[in-house]
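Colleague: I have just opened this structure and would like to learn how to read it. Could you walk me through it, one feature at a time?

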Amino acid sequence: MIKIGIVGIGTVGSAVIKNLQKNRDLIKSRAGKEIKIIKGVVRDINKHKNIDIPLTTDYKEVTRNPEIDIVVELMGGVDKAYEVVSDALKHKKAVITANKALLAYHRFELQKLAKTSFEYEASVAGGIPVIKALRDGLSANHILEIKGIINGTCNYILSEMKKGRNYKEVLKEAQKKGYAEADPSFDVGGYDAAHKLLILASIAYNIDAKPEDILIEGIENINLTDIEFAKEFGYEIKLLGIAKKLDKKIELRVHPTLIKKSEMIAKVDGVMNAISVIGDVVGETMYYGPGAGGDATASAVISDIIEIVRGSKKPMLGYKIPLEIEKCSLIKSEDIISKYYLRIAVKDELGVLEKIAHILAQNNISIESFLQKPRNSYVKLLFATHKAKEKEIKKAISIIQKLNFVIKPINYIRIEE
Ligand SMILES: NC(=O)c1ccc[n+]([C@@H]2O[C@H](COP(=O)([O-])OP(=O)(O)OC[C@H]3O[C@@H](n4cnc5c(N)ncnc54)[C@H](OP(=O)(O)O)[C@@H]3O)[C@@H](O)[C@H]2O)c1
């Protein structure tokens, strides 16, 4: 029998307990052994009266328990979770976590500590087995690109906005339905997606970057004009996590993105997640499914348990030997090259367009298409540019923003083609 200690019995933890019981015979048959949770760690034992597992508030009763083989960390957070997981690894436990925030900051340190198995399938895109796909199924490939809808809350909000509903109204509804937290800034600001992107990128490229090192923008500034523009020009707006290999440099970024309607990933609406991975051998592959929720996430956690019970001991990030010949470095955010969409609200005056076009040209930005939307007291100018450098677009925007006929903050969205 394999004995498990579970740290955190909230949404995911209780779904793991429930589903281990529900599919007990199948799981035993697949794993080859009986699996039993023998201890749980929570903050407040009184909240968990109907759980028939012995509970404690002291994680060391699990991480240092000689009877326990696998520690499953489902508490969330960074510092305390790091303390718990590293203590478990130091005491030679196999570890499973669903904690993307922990891994976004500490995955390389934890990899060094992990002398036994360390699995984390649920940390990216909940129930979708994308980590196993990238680390195992695609291990023969150089990964050329990863493009993912990896935050269900943002995808739900953007999908609803296509129906003409405004951002604030949809966000409130998402909170009511339990898709968004009471403080939604982590999701809508792009940070949750960035954590997941960093995990995927370290499997694809063995690159150790922190959230502070990469470009992260959220969906807070998207409005219905942007949605109208997208419709008119055959685009969808999606919050994407993008990782690309350009020669020996790696580009990592999270931001709202205009993508062509014909792309498969553009068709993914609602709370669902989808990830496209392009390998040099296989070509494009796609992974789609529920990115959150107790049961979907438990499905991934239990698959990790089965994998460890079967005796699998994979290198945590997928590399037995570091990839020295091809050490990749991160492209600076300011050097990223993309096409851009710009929304500029101006007073209806003569010469406005000419002045803006001149400033764009001075900064090496050429206009691909242009649309003008008159409003009651002002005009909205919508531009799509040819490829330009991030720092030049930012410089042009800061100059244009100061012109006295510009009446609102300029918004921009990168176009991915
Ligand atoms: N929810 C999802 O859909 C989802 C999807 C993918 C990944 N994840 C990840 O899974 C992890 C768990 O998420 P969740 O939604 O299940 O969280 P949750 O519902 O908030 O549950 C957290 C659990 O951890 C316990 N806990 C928190 N801090 C603790 C501490 N310092 N000491 C002891 N116990 C502590 C809590 O105890 P009390 O019950 O006593 O408060 C609770 O049982 C997170 O890392 C999250 O990012 C979640």
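Modeller: Gladly! Let us begin where two domains meet: 5 salt bridges are counted between domain 1 and domain 2. Please keep in mind that this is a predicted model.

Colleague: Which side chains meet in a salt bridge there, for instance, Lys132 with which partner?

Modeller: Lys132 pairs with Asp304, and their side chains come to 2.8 Å, N to O. Alongside the salt bridges, 9 residue pairs are in polar contact between domain 1 and domain 2, both residues at pLDDT 80 or more.

Colleague: Which elements give two or more residues to the side of domain 1 that touches domain 2?

Modeller: Look for α5 (100-113), β6 (118-119) and α12 (294-309). Of these, α5 gives the most, with 7 residues. By type, the residues on that side of domain 1 divide into 9 nonpolar, 2 polar and 6 charged.

Colleague: And how is the size of an interface expressed?

Modeller: Often as the accessible area that is lost when the parts come together. Here, about 1700 Å² is buried between domain 1 and domain 2, and carbon and sulfur atoms give 57% of that area. In terms of residues, 17 from domain 1 are in contact with 21 from domain 2. The centres of the two domains, taken over C-alpha atoms, are 27 Å apart.

Colleague: Where do the domains run along the chain?

Modeller: Domain 1 covers 2-127 + 295-309, domain 2 covers 131-289 and domain 3 covers 333-416.

Colleague: I also clicked on Ile128. Is Ile128 buried or exposed?

Modeller: Ile128 counts as buried because its relative accessibility is 3%, and the cut-off for buried is under 20%. You will find Ile128 in the loop between β6 and α6 (130-137).

Colleague: Which residues is Ile128 in contact with, leaving aside its neighbours within four places in sequence?

Modeller: Those are Glu121, Asn273, Tyr287, Tyr288, Gly289 and Pro290. For a sense of distance, the C-alpha atom of Ile128 is separated by 17 Å from that of Leu317, a residue 189 places away along the chain.

Colleague: Now a helix, please. What should I know before I look at one?

Modeller: An α-helix has 3.6 residues a turn, so residues three or four places apart point the same way. With that in mind, try α7.

Colleague: How many residues of α7 are buried?

Modeller: In α7 (residues 152-161), 10 of the 10 residues are buried. Among them are Cys154, Tyr156, Leu158 and Glu160.

Colleague: What covers the buried residues of α7?

Modeller: The cover includes β7 (143-149), α8 (167-176), α9 (185-188), α11 (224-232), β9 (235-246) and β11 (272-279). Look at the start of α7 too: a side-chain oxygen of Asn151 comes to within 3.2 Å of the backbone nitrogen of Thr153.

Colleague: One last topic, backbone angles. What is the phi of Lys92?

Modeller: Lys92 has a positive phi of about 65 degrees, although Lys92 is not a glycine. This residue sits in the loop between α4 (79-90) and β5 (94-97). Lys92 counts as exposed because its relative accessibility is 61%, and exposed means over 50%.

Colleague: And what about Asn364?

Modeller: Asn364 also is not a glycine and has a positive phi of about 65 degrees. Its place is the loop between α13 (352-362) and β15 (367-374). With 53% relative accessibility, Asn364 counts as exposed.

How values were computed
Residues are numbered from 1 along each chain as its sequence is written. This is a predicted model: local features need pLDDT of at least 70, side-chain atom pairs count only at pLDDT 80 or more; totals for chains, interfaces and linings use all residues. Side-chain values use heavy atoms; hydrogens and water are left out. Helices (H or I, at least four residues) and strands (E, at least two) are DSSP runs, numbered from the N terminus. Buried means under 20% relative accessible area, exposed over 50%, partly exposed in between (1.4 Å probe, protein chains only). Domain bounds come from an automatic or database domain assignment. Contact means heavy atoms within 4.5 Å. Buried area is the accessible area (1.4 Å probe) that two parts lose on being put together, summed over both. A salt bridge is a side-chain nitrogen of Lys or Arg within 4 Å of a carboxyl oxygen of Asp or Glu. A polar contact is a pair of N or O atoms within 3.5 Å; within protein, one must be able to donate a hydrogen and the other to accept it, and residues adjacent in sequence count only if both atoms are side-chain atoms. Ala, Val, Leu, Ile, Met, Phe, Trp, Tyr, Cys and Pro count as nonpolar, Asp, Glu, Lys and Arg as charged, and the others, Gly among them, as polar.
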